[in-house]
Amino acid sequence: MTTQLFKNYIGGEWVAGAGTSINRNPSDLGDVIGEYAQADAAQARQAIAAAKAAFPAWSVFPIQERSNILERAAAEILRRQEELGRLLAREEGKTLPEAIGEVGRAGHIFRFFAGEVLRHGGETLPSVRPGIDIEISREPLGVIGLITPWNFPIAIPAWKIAPALAYGNTVVLKPADLVPGCAWELVDILQRAGLPAGVLNLVMGRGSVVGEAIVDSKDVAGVSFTGSVETGRGIAAKVVSRMGKIQLEMGGKNPLVVLDDADLDVALNAAIQGAYFSTGQRCTASSRLIVTAGMHDRFVAAMAQRLAALKVDDALAQGTDIGPVVDQNQLDTDLAYIGIGQREGARLAFGGELLERQKKGFYLSPALFTDADNTMRISQEEVFGPVAAVIKAQDYDEALALANDTEFGLCSGIVTTSLKHASHFKRHSQAGMVMVNLPTAGIDYHVPFGGRKGSSYGPREQGRHAAEFYTSIKTSYIAP
Ligand code: NAD
């Protein structure tokens with residue numbers, strides 16, 4: 001059987017790359033999803049030139065037609081939700097229900113921004129000088145470079161492409177090397193929905209080649225990046241040095257605080273969902289479970305029981321709770337951190353073992369550490385796998401201090417029946433998003449998303465706040 005070749009999309013044409021890369025299913029290494037073009041730097045520059053040429057017309061494209069294109073894309077994504085969900089589960093390894101849910105999110109994001117095209121306006125204010133009017137308007141930036149990670153193969157490209165196009169920018173998208181399939185489908189859907197040539201370009205390939213060509217180009221007015229802290233820091237330095245606009249969404253080491261007065265069932269659900277679902281491969285995963293003394297032993301015993309009942313298997317198999325790790329590299333990282341945690345003196349209370357399943361894949365049982373303290377590497381560094389550590393705190397005050405004692409600040413959560421502690425935590429948690437009696441992972445698509453400290457840099461993503469990054473403000477003074 002021949003493998004299908006998926007090409008790059010530049011200036012309205014599907015074009016072969018300088019090479020190709022095979023996309024494999026982490027649940028079943030024998031399953032090849034397809035062969036995907038790999039661009040070189042010259043091809044990335046062609047994509048940027050195409051986006052630059054398309055910008056003047058797209059920036060003034062009639063808003064009804066712009067909105068219609070986004071709405072048509074939304075409708076097709078939602079109509080094909082199950083099929084695209086299967087592709088997503090095959091290439092990334094999250095379970096089929098999780099993958100179908102992610103595709104639904106992508107569809108709704110396009111629908112939201114189809115509406116945003118029409119709602120987008122400005123302000124008028126009187127001048128302090130008589131007889132003058134002031135108009136505050138937002139204009140698109142120009143060409144936007146989008147660089148995305150592997151863990152949300154369709155939702156993250158969607159939540160960057162939709163606002164970029166809605167506000168009149170043109171786009172060069174470089175998806176993560178591990179998951180080109182969903183990005184390719186998304187671009188195909190958008191081009192068939194009626195985007196003019198050059199408005200959206202897809203260049204698949206290596207970050208160090210294609211990503212860098214985007215980051216270094218003076219024709220790229222803004223770069224929106226989601227990925228690791230290390231890569232993000234390097235990109236930011238380069239973009240800022242040429243005065244480009246930058247938006248970074250990076251790692252997390254998100255705390256879930258469980259107080260003595262918590263409903264145990266709510267706490268267990270939040271911890272299991274937040275720490276282990278999607279194989280723990282979420283920037284919003286709660287990898288630090290900070291539990292106060294009166295609840296600690298009950299919580300740890302019940303967690304081990306719940307974890308034993310979870311099914312780790314093929315992402316497409318019915319009843320799978322946790323799919324495989326995304327690839328060998330990430331699996332090696334997860335195993336290395338499990339070793340580090342043990343050597344640091346934490347107790348591996350459950351899991352952390354390689355598993356064999358019917359098909360060969362990267363299967364790892366969910367790992368729970370207890371007796372951890374917050375200074376350990378497993379408590380401070382992002383693992384990005386199904387690995388969490390329980391840290392005991394004497395009381396609420398200590399739990400809050402531990403929760404904030406991290407260089408990250410994406411998301412945090414508290415499980416409590418005390419309004420006083422919930423309100424205090426909401427105000428004093430140093431995170432961009434706070435959850436009360438909910439898992440740290442699991443967010444809405446129409447409200448701002450992002451963090452503080454080392455987790456995020458620049459304006460928020462999603463919802464109407466996305467306009468902060470994707471537009472530039474102009475203040476006009478008008479005298480009669
Ligand atoms: P990564 O940093 O390795 O790669 C992200 C993207 O950057 C990829 O497309 C990659 O090819 C590209 N890239 C790599 N080197 C580059 C370079 N020198 N120049 C330009 N581009 C380059 O991250 P990953 O492993 O794909 O994703 C996992 C990370 O993403 C985790 O740290 C996770 O926390 C983070 N993440 C954050 C959020 C968030 O919103 N905060 C969401 C999802 C994932």
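Biologist: Let's start with E461: which residue does E461 form a salt bridge with, and how far apart are the closest N and O atoms?
Modeller: This is a predicted model, so keep in mind that every value here is computed from it. A salt bridge needs a Lys or Arg nitrogen within 4 Å of an Asp or Glu carboxyl oxygen. E461 finds that partner in K160, with the closest N and O atoms 3.2 Å apart.

Biologist: How many residues apart in sequence are the parts that E461 and K160 tie together?
Modeller: E461 sits in the loop between β22 (456-457) and α15, while K160 belongs to helix α5 (residues 155-166). Both E461 and K160 are buried. Because of where the two lie, the pair ties together parts whose separation in sequence is 301 residues.

Biologist: Which residues are joined into one network by salt bridges that share partners?
Modeller: One pair that meets in a salt bridge is E76 and R80, at 2.7 Å from N to O. Salt bridges that share partners build on this, and the network they make joins E76, R80, E83, E185, D188 and R192.

Biologist: Are E76 and R80 buried or exposed?
Modeller: The cut-off for buried is under 20% relative accessible area. E76 comes in at 9%, so E76 passes. R80 has 16%, so R80 counts as buried. For E76 and R80, then, the word is buried.

Biologist: What does R138 pair with in a salt bridge, and how many residues apart in sequence are the parts tied together?
Modeller: The side chain of R138 meets that of E468 at 2.9 Å, N to O. R138 is in strand β7 (residues 133-140) and E468 in helix α15 (residues 467-470). So the partner is E468, and the parts tied together are 330 residues apart in sequence.

Biologist: Why do R138 and E468 count as partly exposed?
Modeller: Partly exposed is the class between under 20% and over 50%. R138 has a relative accessible area of 24%, so R138 falls in that class. E468 does too, because its value is 41%.

Biologist: How many salt bridges are there in the whole structure, and how many cross the interface of domain 1 and domain 2?
Modeller: A search of the whole structure gives 21 salt bridges. The protein is divided into domain 1 (5-250 + 455-478) and domain 2 (255-436). Between these two there are nine residue pairs in polar contact. Salt bridges across that interface, though, come to zero.

Biologist: How much area do domain 1 and domain 2 bury between them?
Modeller: The C-alpha centres of the two domains lie 31 Å apart. The contact takes 23 residues from domain 1 and 28 residues from domain 2. Of the area buried between them, 60% is on carbon and sulfur atoms, and the total is about 2,100 Å².

Biologist: Which residues in domain 1 lose the most area to domain 2?
Modeller: Three residues stand out here, and together they make up 25% of what the domain 1 side buries. They are S27, W150 and S455.

Biologist: Which element gives the most to the side of domain 1 that touches domain 2?
Modeller: The elements giving two or more residues to that side are β5 (28-38), α3 (81-92) and α4 (96-119). By class, that side has nine nonpolar, six polar and eight charged residues. With four residues, the element that gives the most is α3.

Biologist: What is the phi of S278, and where does S278 lie?
Modeller: Most residues other than glycine have a negative phi. S278 is not a glycine, yet its phi is positive. S278 is buried, because its relative accessible area is 6%. It lies in the loop between α9 (264-276) and β14 (288-292), and its phi is about 55°.

Biologist: And what is the phi of K453?
Modeller: K453 is found in the loop between β21 (433-436) and β22. At a relative accessible area of 38%, K453 is partly exposed. K453 also has a positive phi in a residue other than glycine, near 50°.

Biologist: Last one: which residues is E353 in contact with, leaving aside its neighbours within four places in sequence?
Modeller: E353 is in the loop between β15 (347-350) and β16 (354-355). E353 is exposed, because its relative accessible area is 51%. With those neighbours left aside, its contacts are Y363, L364 and S365.

Terms used:
Residues numbered from 1 in each chain as written. Predicted model: local features only at pLDDT ≥ 70, side-chain atom pairs only at ≥ 80, totals over all residues. Heavy atoms only, no water. Domains from an automatic or database assignment. Contact = heavy atoms within 4.5 Å. Buried area = accessible area lost by both parts, 1.4 Å probe. Polar contact = N/O pair within 3.5 Å; in protein donor to acceptor, adjacent residues only side chain to side chain. Nonpolar A, V, L, I, M, F, W, Y, C, P; charged D, E, K, R; others polar. Buried < 20%, exposed > 50% of the residue type's maximum accessible area, 1.4 Å probe, protein only.
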